[in-house]
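User: I would like to go through the ligand site of this model and ask, term by term, what each description rests on.

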Amino acid sequence: MTKLGIIGAMQEEVETLLEHMEEKKFTDRTSTRFCEGKLSGLDVVVVQCGIGKVNAAICTQILCDCFGVTHIVNTGIAGSLCADLDIGDLVVSRDAMYHDFDCHAFGYPVGKVPGMDTVAFPADERMMQLAVEAAEAVNPGHTKLGRVASGDQFVANPELKDRIIEITGALCTEMEGAAIAQTAYRNGIPFVILRAISDKADHSADMDYPTFERIAAHRCASVTMHLAAALL
Ligand code: ADE
């Protein structure tokens, strides 16, 4: 039986999903509220994990250990790293890596976590395909499949943006995806990251972000509901 764990970092990223859920049951763990129930007919657990990599990893592990999820999706917003990706466009992860994990002093490429067998954690093929179809259903012609770069930084300057592009080759940057990906990878749970662009991760980011945050977050929630229906 499929049970989908759905992780968003902020309230805007999960509120639409919670509104659409049925048969809701709440459980608190690590000061975080997990909501079990049905979304688009599918068994799901929705959680607002909080911002950043540690919060994201904690919630992902709890979803695996305490709620028995079989699949994980991370939904939310991101800064664009690609000229072709505009505000409101959608990114589905092919894989995810850190842009701020740096052990290059010991010969590791930036992004590589020593002891892991990969720099970038690959998303599940089927979830990836279904997520692309779901994104195309919501916003046709505005979806890209590629890498997501994560770090504990809100990126709002062009120098940092360029460095992240150089290190990762990613399409977008955010603050949780790779931590969710790494945790899912270590647990052998299929995952995908689904992000809507809220800003361009440059000097305009802090101005664009408050305006587009809600629109982008709600668009992503719609795609997540389509994805849940497709996994049924
Ligand atoms: N989430 C949305 N926009 C972002 C940005 N520019 N940097 C990091 N996380 C983000």
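Analyst: A good place to begin is a backbone N or O atom of Val-155, which lies 2.8 Å from a nitrogen atom of the ligand; the model is a predicted one, and the distance is computed from it.

User: What makes the pair formed by Val-155 and the ligand a polar contact?

Analyst: A polar contact is a pair of N or O atoms within 3.5 Å, and the Val-155 pair, at 2.8 Å, therefore qualifies. By that cut-off the backbone N or O atom of Gly-79, at 3.3 Å from a nitrogen atom of the ligand, therefore counts too. Asp-199 takes part through its side chain, where an N or O atom is 2.6 Å from a nitrogen atom of the ligand. Of the 270 Å² of accessible area that the ligand has on its own, the protein covers 96%.

User: Which residues are closest to the ligand, and how many surround it?

Analyst: The ligand is surrounded by 13 residues, the closest being Gly-79, Phe-154, Val-155, Ser-198 and Asp-199. By class, this shell holds 7 nonpolar, 4 polar and 2 charged residues. β5 gives the largest share of the shell, 3 residues, while β5, β9 and β10 each supply at least two.

User: Why is the ligand said to sit in the largest pocket?

Analyst: The wording requires that more than half of a molecule's atoms lie within 2 Å of the pocket's grid points; the ligand is assigned to the largest pocket, so it meets that condition.

User: What lines the largest pocket, and how much space lies in it?

Analyst: The pocket holds about 220 Å³ of space and is lined by 19 residues, with Ile-77, Phe-154, Glu-174, Met-175 and Tyr-209 nearest its centre. Its lining comprises 10 nonpolar, 4 polar and 5 charged residues, and at least two lining residues come from each of β5 (71-80), β9 (172-174) and β10 (191-199).

Conventions:
Residues numbered from 1 in each chain as written. Predicted model: local features only at pLDDT ≥ 70, side-chain atom pairs only at ≥ 80, totals over all residues. Heavy atoms only, no water. 1 Å grid on protein atoms, 1.4 Å probe; cavity = no way out; pocket = protein on both sides within 12 Å on 5 of 7 lines; lining within 4 Å. Points joined across faces, edges and corners; volume = space filled by probe spheres on them. Helix = DSSP H or I, 4+ residues; strand = E, 2+ residues; numbered from the N terminus. Nonpolar A, V, L, I, M, F, W, Y, C, P; charged D, E, K, R; others polar. Near = heavy atom within 4 Å. Polar contact = N/O pair within 3.5 Å; in protein donor to acceptor, adjacent residues only side chain to side chain. Areas by Shrake-Rupley, 256 points an atom, 1.4 Å probe, with all protein chains shown as cover.
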